[in-house]
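Hello,

Here is the structure we talked about, with the sequence alongside. My notes on what was found follow below.

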Amino acid sequence: MTNLEPRVGSSDLHPSGPLPATAAKKSNSVARRAAIAGGVGTLIEYYDFAVYGFLAVIIAPLFFPSDNSAVSILSTLAVFGVAYVARPLGGIFFGRLGDRRGRRHSLVITVVSMGIACGILGLLPTHSAVGVLAPILLVLVRLAQGFSAGGEVGGAATYIAESAPPKRRGFFGSFTPVGSTLGFAVAAAVVGLVALLTTDEQMESWGWRIPFLLALPLAYLCLRVRMKLEDTPEFEEMAEKQQVTKSPLSDVVKKNPWSVLRVVGVAIAMNGSGYIGLTYFSVYLINDLGFSKDSVYWTSAIAIALACATFPLSGMATDRWGRKPVLIAGYLAYVVIALPAFMIMGATSSIVVIGIVYFLYMVLNGVVQVPAFPLFTELFPRTVRYTGVSLGFNIGTIAAGGTAPYVAAQLVESTGNAMSPAYWVMGVCAIGLLTVATIRETSRKELPA
């Protein structure tokens, strides 16, 4: 089996020369391999994580039977949010592992653990079979998924950033949000295909299990890709110079608290707006507006996938003009379009119009996601980078990502106003604007040593 310890080559290190050793090792070809491996792994991880959201309407009565369908949906979305409770713990665990043993080592374990947890979810008994034990098991498995996901994005972002040339870090860094967002598109497509090939009765009986079980072979494929990777030049040099810290969490909290808080603020804006499109839209369109499940699944898959194709453009923009201008433009655009987007969705009966609105909303999701990931890595020194990014990102995600679909559904239920989730989007983007105002531009520079 491939050795999981970081590979260190001292012959490549020339710290006294005009160019840092890590910079000399970085090339477009190395960055491309890192970006593809990181993006594909993140895609599979987020496919595993997202399937639950697209199946929420179907599995709600299976695990949370109720005379009131809204109660079942809210309970199911609450469990979606419960998974995020474990994400900071996963970020701390895998961040420590990645900062002490190597980025690659941690990323191999995350994809395996997520795949196993997703496969188990597909085998769970429902409420009709085991009663109250069913939702308890569902919560436990979702907690395991959240723990695993907590180490994925921070690790992928760190791995790619440390492998990319400074002037193209935004472009190659876009593969992380492409992977995470495309995972939702693949999940929507798989759920849509299964729904197309089964009757409603079959889907509710056993068809919903298939997308979860598909995670097992996907995880195996990703494992094979990641096992072939070497660690990043940054970590290799850090290990060679014996700069590996014994306590990354303690160090990052004591020495970089403001950087962690800035990541939290940007993550709140990014996830609070993004998860409305990635998860809540499908529930809203099916449950509240009455669109058919098949049409919503396929519309979601196509809109998200097409939007992902624009993400590298945002990466190139952030390399050219900087992280801050692109982020600010994205937040302001969301504030402007959030309410009209919900108004149009509520007023139209055309799935094509829905698809166009969905696409535009998710394009903006790329504008606010893509600059964020390289920015996160540029705020921390390499000794605590994985831990710092994972900790801040996961705190922001639990605050506004996992809770976003539940809050949106609860706002509609309590106010009777289907437009109310738009104000949530505006609020989280305001937090993003305030946070970015406190950050100095970090693009086109070497990562902090």
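Subject: salt bridges, one helix, a surface patch and two backbone angles

R385 is buried, with a relative accessible area of 0%. Please keep in mind throughout that this is a predicted model.

R385 is a good place to start, given its partner. Its side chain meets that of E162 in a salt bridge, 2.7 Å from N to O. The two residues come from distant parts of the chain: E162 sits in helix α9 and R385 in helix α23 (residues 385-400), 223 residues apart. E162 is buried too, at a relative accessible area of 0%.

E162 has a further partner in R103, with the closest N and O atoms 2.7 Å apart. This pair also links distant parts of the chain, from E162 in helix α9 (residues 152-163) to R103 in helix α6, 59 residues apart. Both E162 and R103 are buried.

A separate pair to look at is E234 and R382, whose side chains form a salt bridge at 3.4 Å, N to O. Here E234 belongs to helix α15, while R382 is in the loop between α22 (372-378) and α23, and the two are 148 residues apart. E234 has 2% relative accessibility, and because anything under 20% is classed as buried, E234 counts as buried. R382 is likewise buried, with a relative accessible area of 5%. As for shared partners, salt bridges join D99, R103, E162 and R385 into one network. In total, the structure holds ten salt bridges.

Next, helix α8. This helix covers residues 133-149, which is 17 residues, and spans 24 Å from its first C-alpha to its last, close to the 24 Å expected at 1.5 Å a residue. Which residues of α8 are buried? They are A134, P135, L138, V141, R142, Q145, G146, S148 and A149. Viewed down the axis of α8, these buried residues fall within an arc of 155°, so they line one face of the helix.

On the surface, V112, I116, I120, L123, L213 and L216 make a nonpolar patch of about 490 Å². Helix α6 (residues 103-121) gives the most to this patch, with three residues. V112 has its place in helix α6 and is partly exposed, with a relative accessible area of 31%.

Two residues have backbone angles that you may want to look at on screen. Q242 has a positive phi of about 55° although it is not a glycine. Q242 is found in the loop between α15 (233-240) and α16 (248-255), and at 72% relative accessibility it counts as exposed. R444 is the other one: its phi is near 65°, again a positive value in a residue other than glycine. R444 lies in the segment after α25 (421-436) and counts as partly exposed, at 43% relative accessibility.

Last, the annotation. An unreviewed UniProt entry lists residues 34-444 as "domain: Major facilitator superfamily (MFS) profile". In the model, the end C-alpha atoms of residues 34-444 lie 19 Å apart, and the span is 81% helix and 0% strand.

Regards

Terms used: Residues are numbered from 1 along each chain as its sequence is written. This is a predicted model: local features need pLDDT of at least 70, side-chain atom pairs count only at pLDDT 80 or more; totals for chains, interfaces and linings use all residues. Side-chain values use heavy atoms; hydrogens and water are left out. Helices (H or I, at least four residues) and strands (E, at least two) are DSSP runs, numbered from the N terminus. The expected span of a helix is 1.5 Å times one less than its number of residues. Buried means under 20% relative accessible area, exposed over 50%, partly exposed in between (1.4 Å probe, protein chains only). The arc is that of the directions from the helix axis to the C-beta atoms. Patches are made of residues with over 30% relative accessible area and no salt bridge: like charges are joined within 9 Å, nonpolar side chains (Val, Leu, Ile, Met, Phe, Trp, Tyr) within 5 Å. Accessible areas come from the Shrake-Rupley method with a 1.4 Å probe; for residues, only the protein chains shown count as cover. A salt bridge is a side-chain nitrogen of Lys or Arg within 4 Å of a carboxyl oxygen of Asp or Glu. UniProt positions are given in the numbering used here, feature names are shortened, and annotations may be inferred rather than shown by experiment.
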